[in-house]
Amino acid sequence: MALAAGQPAGEGAVHDNERARKRLVLAQQFLTKVVNFSPQPVFVKDEKHRFVLLNDAFCDFLGKTRQELLGKSDYDFFPEEEAKVFWEKDDEVFRSEEVVENEESFTDQLGANHYIVTRKAVFSTDDGRRYLVGTILNITERRKAELALEAQRGYLDNLINGLPRPIYVKDESLRFALVNLAFCELHGLAADEIIGRSVSDLLGPDQSKKLEDIDRQVLETGEPVEMETIVKARDGTERQVLVRKSAFSGADGSRHLVGAITDVSKLKAIQEELASHRERLEELVEKRTEEVRRQAAQLEEALGKSRELNKMQGQFVSMVSHEFRTPLAIIDAAAQRVLKKLDALDPLDVDRRMGKIRGAVSRMTELVESTLSASRLEAGKIAFAPARCEVRALLQAACMRQASINPKHRIDVDVSKMPAEIVADQKLLGHVFGNLLSNAVKYSPNEEPIEVRGWQRDETLFIEVKDHGLGIPEQEMPKLFEKYFRASTSAGIKGTGIGLHMIKSFVDMHGGEISVNSVVDEGSVFRVSLPIPERLTLR
């Protein structure tokens, strides 16, 4: 660049450096705004493990300001042992350059323990610098729930000890592993005098042989056994008891035998009635077992759906990350070319490059809006506010906006037979029209014309968007409006898979319907039908 008359030789370079510094500051501010859209804590570290970018959620999570965190490492905020673990796990991510998910814990400055799941990945810039990007999921409440479960187990132990019926559990070597207070009282011994010993230690080898043979049979076959026997109580009296034994497997695969003892001395006189009750009890047990199996099958089905949703959400997050980077790269490249060749560019070339920037910004705006709308929809925070809506003008404006963004696509519009106004939520309908038109253009890569028409029949408004693009396979049509679903014909085309799901939800809020007819390589026709709450004259 030529120096102006009288301009010092280094002054132009100083101005260039200042402009570059300002652009860098603006870019950092813009990137901070982008990551602040995430409700989860997000952080970025350089290869020296220093924080270089944080969102508001991360600062709130640590209770620190951004100024207190930037340029610092984990050693500045966490106990040394915990910081060392974080450091080593970050090094592992830098070495492998793979996406890594870990469950970690840390102690805050107040001494409280927190449990988190971190997801980390490495990204590289054009100049070869690498950064670690991480997100945090707080699972402290889940861990509290686990502790509550342990307390519940203690409660169950107390409950068993509160039962009047003697109960015991034996391990595979037929030694007592658990007894309740009633069992201890029956034999006149403390629990620590029984645990780890066998029945022969309590009753002697003569009485114990038959009992242990039966115990081995139960463990080997898994079949429960009921038997009557005589036991000598602590006061020296003999009692006729009924012992029910059954086997179960522990979480580690080990086999155990559980026994419950009932004093039946006074029940022999009513044995027939007892048999009747036993039969009914077995029926109830069988019914309950069947119910448990049914519930287990339902739970397995629900878990399968949950795993599939988690997989689709992971794909969605990866896709959105890519979708953000692409328009940012377009904006950066176009802006750099304009800045470098500003004096040499003619107005048409400037307009063309500005058009690229405008299109990229529009794409990012559309992506942010759809992502936020999907999040609000998922949380039930989208309000339905019907009012008088200039629906004809709304549809025409959506068509004009899409035509200005994609001037190579011709959009033919016929709204002469649709009402000027209806009662509807104008904002939600704007999303519906804009998304349908954006999809029609996006999936018509050969710039085929788009046909849009609207008309009224009786008390129903119809809006139809027709393209001559890629089409949708027939077997995929039932899943078309599911969240995150994308047709196989959309491979290689930008998208998140939430648009049609959101459209259907908005149409449902209006009490309307949306349908689609499509043929692969011939195009698709989407039709929205909306009830008109009150008849309005066509104008």
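Contact means heavy atoms within 4.5 Å. The legends below describe a predicted model.

**Figure 1. The whole protein combines 14 helices and 17 strands.** The predicted chain has 539 residues, and buried residues make up 36% of them. The protein exposes about 32700 Å². Carbon and sulfur atoms supply 53% of that exposed area. Now take the contacts with a separation of 6 or more: residues 24 or more positions apart account for 53% of them.

**Figure 2. Phe-433 sits in the largest nonpolar core.** Leave out residues up to four places away in sequence, and Phe-433 touches Val-391, Leu-394, Leu-395, Ala-398 and Ile-463. The core itself has 41 residues. Phe-433 is among those with the most contacts inside the core, along with Leu-429, Leu-436 and Phe-526. Which helix gives the most to this core? It is α13, with eight residues.

**Figure 3. Another core, of 21 residues, lies apart from the largest one.** Its members include Leu-186 and Ile-214. Leu-219 and Ala-247 are also among them.

**Figure 4. Asp-425 is buried yet has no salt bridge.** Asp-425 is found in the loop between β13 (422-424) and α13 (426-442). Its nearest side chain of opposite charge is Lys-427, 7.6 Å away. A salt bridge needs a nitrogen and a carboxyl oxygen within 4 Å, so this pair does not count as one. What does the side chain of Asp-425 reach instead? One of its polar atoms lies 3.1 Å from the backbone nitrogen of Lys-427. The side chain of Asp-425 also reaches the backbone nitrogen of Leu-428, at 3.2 Å. Beyond its neighbours within four places in sequence, Asp-425 is in contact with Ala-383, Phe-384, Ala-385 and Pro-386. His-510 is in contact with Asp-425 too.

**Figure 5. Asp-74 and Lys-45 meet in a salt bridge.** The N to O distance between these side chains is 2.8 Å. The pair links distant parts of the chain, 29 residues apart. Asp-74 is in the loop between α3 (66-69) and α4 (80-96). Lys-45 is in strand β1 (residues 42-45). Are these two residues buried or exposed? Both Asp-74 and Lys-45 are buried.

**Figure 6. Lys-120 forms a salt bridge with Asp-90.** The closest N and O atoms of this pair are 2.6 Å apart. Lys-120 lies in strand β4 (residues 113-124) and Asp-90 in helix α4, so the salt bridge ties together parts that are 30 residues apart in sequence. Lys-120 is buried, and Asp-90 is buried as well.

**Figure 7. Asp-215 forms a salt bridge with Lys-245.** Their closest N and O atoms are 2.6 Å apart. Why does this pair tie together parts that are 30 residues apart in sequence? Because Asp-215 lies in helix α9 (residues 205-221), while Lys-245 lies in strand β9 (residues 238-249). Asp-215 is buried, with a relative accessible area of 0%. Lys-245 is buried too, with a relative accessible area of 3%.

**Figure 8. Salt bridges that share partners build one network.** The network joins Lys-45, Asp-74, Asp-90, Glu-104 and Lys-120. Two of its pairs have views above: Asp-74 with Lys-45, and Lys-120 with Asp-90. For the protein, the count comes to 26 salt bridges.

Conventions. Residues numbered from 1 in each chain as written. Predicted model: local features only at pLDDT ≥ 70, side-chain atom pairs only at ≥ 80, totals over all residues. Heavy atoms only, no water. Helix = DSSP H or I, 4+ residues; strand = E, 2+ residues; numbered from the N terminus. Buried < 20%, exposed > 50% of the residue type's maximum accessible area, 1.4 Å probe, protein only. Lys, Arg positive; Asp, Glu negative; His and termini not counted. Polar contact = N/O pair within 3.5 Å; in protein donor to acceptor, adjacent residues only side chain to side chain. Areas by Shrake-Rupley, 256 points an atom, 1.4 Å probe, with all protein chains shown as cover. Core = buried A, V, L, I, M, F, W, Y, C linked by side-chain atoms within 4.5 Å.
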